[in-house]
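This report covers two bound ligands and the protein atoms around them. The structure comes before the details.

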Amino acid sequence: MNLTNSKKLLKKYFGYDEFRPAQEKIIDSILNGNDTLAIMPTGAGKSICFQIPALILDGVAVVVSPLISLMKDQVDALNTAGIPATFINSALDKMERDNRVERLLKGAYKLLYIAPEALDTYTMNSVLPNLKISLIAIDEAHCVSQWGHDFRPHYQEIAPFIERLPYRPLVAAFTATATPKVQEDIVNLLRLQSPKVYISGFDRPNLYFKVLRNVDKDNFVLDYIKEHPGDSGIIYAATQKKVEQLHLFLLQHGIKAGRYHAGLSNQERIQTQDDFIYDRTDVIVATVAFGMGIDKSNVRFVIHYNMPKSIEGYYQEAGRAGRDGEKSDCILLFAQGDINTQKYLITHSEDTSRIAANMALLSQMIKYCHTPYCLRAFLLNYFGDMEAKDYCGFCENCEGNAELKDITVDTQMVLSCVYRMSERFGSSMVADVLKGSKAERIKTWGFDKLSTYGLMKERRVKDIREFIETLVAMGYLSVTESEYPTLSLNEKSWNMLRNKEQVFCKVKTEKRAKVDIKTANASNENADIFNKLRKLRLDISRRIGIPPFMVFSDATLRSIATTMPKTKEEFLQISGVGEKKLAVFGDEFLDFIRNNA
Ligand code: ADP
Ligand code: ZN
């Protein structure tokens with residue numbers, strides 16, 4: 001019964017015919033009165049899991065959300081879909097705030113968005129106890145945990161706030177990233193009561209993962225952008241300096257990219273973010289400071305110019321691509337210098353107690369950059385999904401131009417060198433020995449006397465190091481998770497050595513990998529219509545002042561382009577077209593189709 005009603009609302013307001021399987025379970029759990037913890041990857045459709053219950057339950061749902069910009073976007077999107085929602089924060093002037101409070105007390109809204117730091121303010125303490133709160137939905141719930149990658153102390157005020165209320169509403173927590181430790185923290189620190197926990201798979205099937213090592217990064221980025229005109233994308237770099245350099249390089253080559261990092265004025269940052277959300281700037285070069293507040297669904301690519309510091313961080317940043325479910329690229333450009341940069345940042349951070357933990361996170365990241373196996377499987381295994389298939393067919397390592405090479409002898413050389421160095425050194429020292437380096441430290445340790453000294457002298461040190469990292473990623477070597485990671489042999493290494501097992505590795509055949517990303521999104525004949533629809537969407541967006549992706553998502557535009565509906569009824573059939581949007585935008589789109597059919 002609940003479900004039929006939920007489904008009707010899903011079509012009416014959001015224009016979708018079906019819930020995704022995880023959504024259905026979570027909504028059901030909330031509607032049955034359970035505290036609920038939902039862990040879903042970015043783009044899986046978390047918001048609908050509390051928005052639909054908010055519409056059904058009596059009273060107003062309070063949504064706690066970490067960022068003011070995100071709040072405004074979500075509220076704009078809801079209003080565009082015809083759902084009465086609002087937010088209250090310190091950026092509003094007093095009159096506007098009083099106005100909203102008054103309407104709130106009259107029951108005019110189904111959802112109220114607030115930031116956690118606002119919970120303990122005078123306004124909220126006087127208003128919230130007088131409301132009928134149906135549900136408290138906590139977005140980005142991992143922010144409550146110090147173990148998460150985005151700890152926000154104010155999240156710890158949520159539980160006391162709930163306890164100050166005259167009665168206890170239902171509580172539902174949502175996050176995209178949660179290791180078991182973080183999950184436990186969420187349940188305990190938010191004081192969820194016998195919560196139902198739903199962990200939906202972490203897979204994002206529409207994301208194409210790719211790692212490129214040792215490419216000319218600047219030119220790769222430039223070519224990629226030129227080959228994807230009109231596509232929105234983010235390029236993350238590790239430092240402000242790098243952002244500036246790359247930004248300048250792109251400008252000099254005629255690409256009107258935006259830039260974003262913490263060293264810029266608040267005003268410039270807001271402007272850049274707005275330009276991106278409203279499709280005025282296609283490409284942003286940024287540090288990881290960019291993106292938390294961005295819900296833009298039509299980001300078509302995320303390129304990491306440098307290796308990030310953890311898989312959690314990487315998956316979240318890369319996951320900003322393709323929220324609309326359309327094919328999108330997540331490309332990581334790796335160079336050995338990236339390891340040094342990240343180590344420097346870790347060892348020079350203020351929080352010295354986290355050095356070992358952060359080095360452990362980094363070593364997994366390095367493995368990702370070197371694994372010859374399926375990249376998606378690596379990521380999913382990392383997040384605890386051991387059922388993930390080891391061949392996805394849609395990542396660079398599953399698909400790329402590669403040939404299988406016998407690396408048995410090379411592997412033996414490295415393993416025996418590590419062994420002879422007493423398993424007490426890291427990859428750069430081992431590589432130096434194999435190279436036959438004349439460095440003083442090699443002599444000091446007497447390593448120039450080892451039988452493995454200079455065994456790989458015809459190779460570049462860089463390549464030897466990379467090969468060692470590959471063996472680590474393949475599991476033939478272990479690395480300690482400490483400030484100075486050392487290599488050691490493990491069971492797999494000994495098995496290999498004892499049984500004279502052969503080792504094979506996929507080796508990319510091209511020197512400089514050409515851009516060969518699948519842009520399976522549109523067939524050519526539709527591309528023209530799609531681009532025109534994109535233009536129409538942009539015009540509408542500018543006229544009414546909401547971001548283009550809120551008018552309709554790329555996915556919806558694409559299905560308009562393929563089906564070319566002729567009547568309002570047909571238009572309403574399209575996924576993403578709800579009643580309000582049909583009423584507001586229908587005529588304009590139908591006119592367009594008439595003129596372009
Ligand atoms: P998250 O918060 O989990 O990252 P969102 O709530 O922003 O994800 O949803 C991601 C995208 O998926 C949005 O464009 C949303 O409209 C779309 N979406 C959500 N639920 C459905 C559904 N049942 N069918 C089709 N699209 C959906
Ligand atoms: Zn794969």
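## Ligand 1 and its pocket

Ligand 1 takes up the space of the second largest pocket. A pocket is an open set of points on a 1 Å grid over the protein atoms alone, where a 1.4 Å probe fits, with protein on both sides within 12 Å along at least five of seven lines; a molecule sits in a pocket if more than half of its atoms lie within 2 Å of its grid points. Around ligand 1 there are 14 residues, the closest being Tyr16, Glu18, Gln23, Gly43 and Ser47, where near means a heavy atom within 4 Å.

Oxygen atoms of ligand 1 make polar contacts (N or O pairs within 3.5 Å). The side chain of serine 47 offers an N or O atom at 2.4 Å, while polar backbone atoms lie at 3.1 Å in glycine 45 and at 3.5 Å in alanine 44. Of the 560 Å² of accessible area that ligand 1 has on its own, the protein covers 84% (Shrake-Rupley method, 1.4 Å probe).

## Basis of the values

This is a predicted model, in which local features need pLDDT of at least 70 and side-chain atom pairs count only at pLDDT 80 or more, whereas totals for chains, interfaces and linings use all residues. Residues are numbered from 1 along each chain, chains are lettered from A and ligands numbered from 1 as written, and side-chain values use heavy atoms, without hydrogens and water.

## The zinc site

The SG atoms of Cys374, Cys392, Cys395 and Cys398 are the protein donors of the zinc ion (ligand 2), at 2.3 to 2.4 Å; donors are N, O and S atoms within 2.8 Å of the metal (3.2 Å for Na, K and Ca). Their spacing along the chain is C-x17-C-x2-C-x2-C. The arrangement is tetrahedral because the 4 donor atoms subtend angles of 102 to 116°, and four donors count as such if all angles lie between 85 and 135 degrees.

Cysteine 395 is buried at 0% relative accessibility, and cysteine 392 is partly exposed at 26% (buried is under 20%, exposed over 50%, partly exposed in between; 1.4 Å probe, protein chains only).

How values were computed. Four donors count as tetrahedral if all angles lie between 85 and 135 degrees; four count as square planar and six as octahedral if opposite donors are over 155 degrees apart and all others between 65 and 115; anything else is irregular. A polar contact is a pair of N or O atoms within 3.5 Å; within protein, one must be able to donate a hydrogen and the other to accept it, and residues adjacent in sequence count only if both atoms are side-chain atoms. On a 1 Å grid over the protein atoms alone, a cavity is a set of points where a 1.4 Å probe fits but cannot get out, and a pocket is an open set with protein on both sides within 12 Å along at least five of seven lines; lining residues have an atom within 4 Å of a point.
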